[in-house]
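These exercises go with the structure shown below. Work through each task with the model open, then read the solution.

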Amino acid sequence: MRFNINGQVHEVDVDIRTSLLDLCREHLSLTGSKKGCDHGQCGACTMLVNGRRVNSCLSLAVMHQNDEITTIEGLGNPEALHPMQEAFLHHDGYQCGYCTSGQICSAVGMLDEVAKGWPSHVSADLENVTLDNAEISERMSGNLCRCAAYPNIVDAITEVSLRDADAKEGVAA
């Protein structure tokens, strides 16, 4: 099977029952995404598939042969961090670090959803989504943090969303 992960093509011979998470961790040594619950309940395994958030423990790898898959390793590296990774460091949004890769991938996907104008369950205005604490909490509710770093995670996401908004205003001006 052929996969495009983090901008690289990988030819891998795996059982068709292999999850996307196990493909990355066990066959490609991309261990940044974590196996938390293996039931899609904690979000530690969150990856981006064609820009959308996916619980990779519940998704069969074979389903994603023609997709663009991004793991935490594909977002940035120590020499060039993604803005969300920088914000997590700045706001201490990682505590023990186990959920961090899933939190960051989910936050990146979530901000893309907001940029596209997709409302959530708590969106007060379905036409103009405002990213406040309640909106962030609702959208990130599929990602659990046992260390309870939630306020710091929300602060990190808010920082990046404000940077993105400022960048858009600078382009529009």
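**Exercise 1. The order of elements**

Which pattern does the protein follow when read along the sequence?

Solution. Note that the model is a predicted one. Step one is to count the elements: the protein has 6 helices and 5 strands. Step two is to put them in order along the sequence, which gives β-β-α-β-β-β-α-α-α-α-α.

**Exercise 2. Overall dimensions**

Compare the radius of gyration of the protein with the value for a compact globule of 173 residues, and describe the box that its C-alpha atoms fill.

Solution. Begin with the expected value: for 173 residues, a compact globule would have a radius of gyration near 16 Å. The protein has 16 Å, so the two agree. Next, take the principal axes: along them, the C-alpha atoms fill a box of roughly 50 × 35 × 35 Å.

**Exercise 3. Surface, burial and charge**

Find what share of the residues is buried, how much area the protein exposes, and how far apart the mean positions of its charges are.

Solution. First, burial: 42% of the 173 residues count as buried. Second, the surface: about 9,200 Å² is exposed, and carbon and sulfur atoms supply 50% of this area. Third, the charges: there are 12 positive and 24 negative ones, and their mean positions lie 6 Å apart. A last step concerns contacts between residues at least 6 apart in sequence; of these, 56% join residues at least 24 apart.

**Exercise 4. Cysteines without disulfides**

Why do Cys37 and Cys96 not form a bond with their closest cysteine sulfurs?

Solution. Start with the general idea. A disulfide is a covalent bond between the sulfur atoms of two cysteines. The cut-off used here is a sulfur pair within 2.5 Å. For Cys37, the closest cysteine sulfur is that of Cys42, at 3.8 Å, which is too far for a bond. For Cys96, the closest cysteine sulfur belongs to Cys147, at 3.7 Å, again too far for a bond. The count for the structure is 0 disulfides.

Then look at accessibility. Cys37 is partly exposed, at 21% relative accessible area. Cys96 is exposed, at 59%.

**Exercise 5. Helix H1 and the residue after it**

Name the buried residues of helix H1, state what they pack against, and describe Ser29.

Solution. Step one: H1 covers residues 20-27, and Leu20, Leu21, Leu23 and Cys24 are buried in it. Step two: the buried residues of H1 pack against strand E1 (2-5), strand E3 (46-49) and strand E5 (68-70). Step three: Ser29 follows H1 and has a positive phi, near 55 degrees. Ser29 lies in the loop between H1 and E3. With a relative accessible area of 60%, Ser29 is exposed. Step four: Val129 is 100 residues from Ser29 along the chain, and their C-alpha atoms are separated by 38 Å.

**Exercise 6. Two more positive phi angles**

Where are Asn50 and Ala148 found, and what is the sign of phi in each?

Solution. Recall the background. Most residues other than glycine have a negative phi. Asn50 is not a glycine, yet its phi is positive, about 55 degrees. Asn50 sits in the loop between E3 and strand E4 (52-55) and is partly exposed at 47% relative accessibility. Ala148 is not a glycine either, and its phi is positive at about 65 degrees. Ala148 is in the loop between H5 and H6 and is partly exposed, with a relative accessible area of 49%.

**Exercise 7. Two loop residues**

Are Cys145 and Val122 buried or exposed, or in between, and which residues does each contact?

Solution. Take Cys145 first. Cys145 is in the loop between helix H5 (133-139) and helix H6 (150-172). Buried means under 20% relative accessible area, and Cys145, at 7%, counts as buried. Leaving aside neighbours within four places in sequence, Cys145 is in contact with Cys99, Gln103, Tyr150 and Ile153.

Now take Val122, which lies in the loop between helix H4 (100-115) and H5. Its relative accessible area is 36%, so Val122 is partly exposed. Residues up to four places away in sequence not counted, Val122 touches Ala134, Glu135 and Glu138. The C-alpha atoms of Val122 and Ile136 are separated by 9.6 Å, with their positions 14 residues apart along the chain.

Note on methods
Residues are numbered from 1 along each chain as its sequence is written. This is a predicted model: local features need pLDDT of at least 70, side-chain atom pairs count only at pLDDT 80 or more; totals for chains, interfaces and linings use all residues. Side-chain values use heavy atoms; hydrogens and water are left out. Helices (H or I, at least four residues) and strands (E, at least two) are DSSP runs, numbered from the N terminus. The radius of gyration is taken over C-alpha atoms; the globule rule is 2.2 Å times the number of residues to the power 0.38. Buried means under 20% relative accessible area, exposed over 50%, partly exposed in between (1.4 Å probe, protein chains only). Contact means heavy atoms within 4.5 Å. Accessible areas come from the Shrake-Rupley method with a 1.4 Å probe; for residues, only the protein chains shown count as cover. Lys and Arg count as positive and Asp and Glu as negative; His and the chain ends are not counted. The place of a charge is taken as NZ of Lys, CZ of Arg, CG of Asp or CD of Glu.
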